[in-house]
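Biologist: Please take a close look at one part of this model for me. I would like the nonpolar core and the helices around it, with the rest of the chain as background.

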Amino acid sequence: MVEAFGESVIRIVMLLVALVAILMLPGFMKAPAELRSKRLKQLAWAAAALIFIVLMLSGKLSGLLALFGVIFAFLLRSMPLILRYAPQLHSIWRRFKSGSPQDGKSAPGGARKASMTKAEALGVLGLRPGATEEEIIQAHRKLISRFHPDRGGSDYLAAQINQAKKTLLVR
């Protein structure tokens, strides 16, 4: 009986929230975009808090906490891998954000060759300054085997890896 009462209260609250949202929608749509964005963020936080409170009161919070525990454990176990590839991913991300080709392919005619510095090439391959030719070749082989387009990688990443090798092995 108590459970049925709790469920009916939740349904009534949800109905009231939907009714208020419908009544406020026209005014919300007339507001400037910045204000709408701010209000949506506030609404998202309020909804998260409301969901948290409802789960806590209904005794279902343990499932949510278990999910957070699983996510936290996954992140802890994958942290060494994330940290290992962070420099390469960061340099690739910077180049992507600075206006590199959007479709993942290098520019035609080798236009990317002149724009990569030795420091950028070292970052792409995950090497330190003063790396030997053998270290450069080994880093290139390791990365290209993972990111080659024939193995599901992208053309852009493979081109960046190849360009980094060419930049560092100037002959």
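Modeller: What follows starts with the whole chain, goes to the core, and then turns to the other helices.

This is a predicted model. The protein chain has six helices and zero strands. Read along the sequence, the pattern is α-α-α-α-α-α. The chain has 171 residues, and 20% of them count as buried. Take the contacts in the protein chain with a separation of 6 or more: 59% of them join residues 24 or more positions apart.

Now the core. The largest nonpolar core holds 17 residues. Six of these touch the most other members: Leu125, Leu127, Ile136, Ile161, Ala164 and Leu168. The elements that give two or more residues to this core are α4 (118-125), α5 (133-147) and α6 (155-168). The largest share comes from α5, with five residues.

Look at Leu168 in detail. Setting aside neighbours within four places in sequence, Leu168 is in contact with Lys118, Ala121, Leu122, Leu125 and Ile136. Leu125 and Ile136 are also among the core members that touch the most others.

Thr167 sits next in this account. Thr167 lies in helix α6. Is Thr167 buried or exposed? Thr167 counts as buried because its relative accessibility is 11%, and the cut-off for buried is under 20%. Not counting residues up to four places away in sequence, Thr167 touches Met116, Thr117, Lys118 and Ala121. Lys118 and Ala121 also appear among the contacts of Leu168.

That leads to α4. Its buried residues include Ala121, Leu122, Gly123, Val124 and Leu125. What covers the buried residues of α4 includes α3, α5 and α6. Just after α4, Gly126 takes a positive phi of about 75 degrees.

Helix α3 carries the aromatic part of the picture. The count comes to one aromatic pair. The partners are Trp93 and Phe96, and their pair is tilted. Their ring centres lie 5.6 Å apart, with 35 degrees between the planes. Why are the two separated by about one helical turn? Trp93 and Phe96 are three residues apart in helix α3 (residues 61-97), so about one turn separates them. In general, an α-helix has 3.6 residues a turn, so residues three or four places apart point the same way. Phe96 is partly exposed, with a relative accessible area of 31%.

Next, the start of the chain, where a pocket is found. The second largest pocket has a volume of about 370 Å³. Its lining consists of Leu16, Val17, Val20, Ala21, Met24, Leu25, Gly27, Phe28, Arg39, Leu40 and Leu43. Two elements give two or more residues to this lining: α1 (2-30) and α2 (33-58). Helix α1 gives the most, with eight residues. By class, the lining has nine nonpolar, one polar and one charged residues. Arg39 is the charged one, and Gly27 is the polar one.

Helix α2 also holds Val54. Val54 counts as partly exposed, at 33% relative accessibility. Val54 and Ile10 are 44 residues apart in sequence, yet their C-alpha atoms are 8.4 Å apart in space.

Back to the part you asked about. The core draws two or more residues from each of α4, α5 and α6. Helices α5 and α6 are also among the elements that cover the buried residues of α4. From α6, Thr167 reaches Ala121, and Leu168 touches Ala121 too.

Note on methods: Residues numbered from 1 in each chain as written. Predicted model: local features only at pLDDT ≥ 70, side-chain atom pairs only at ≥ 80, totals over all residues. Heavy atoms only, no water. 1 Å grid on protein atoms, 1.4 Å probe; cavity = no way out; pocket = protein on both sides within 12 Å on 5 of 7 lines; lining within 4 Å. Points joined across faces, edges and corners; volume = space filled by probe spheres on them. Helix = DSSP H or I, 4+ residues; strand = E, 2+ residues; numbered from the N terminus. Core = buried A, V, L, I, M, F, W, Y, C linked by side-chain atoms within 4.5 Å. Buried < 20%, exposed > 50% of the residue type's maximum accessible area, 1.4 Å probe, protein only. Contact = heavy atoms within 4.5 Å. Phe/Tyr/Trp six-rings, centres within 6.5 Å; stacked < 30°, edge-to-face > 60°.
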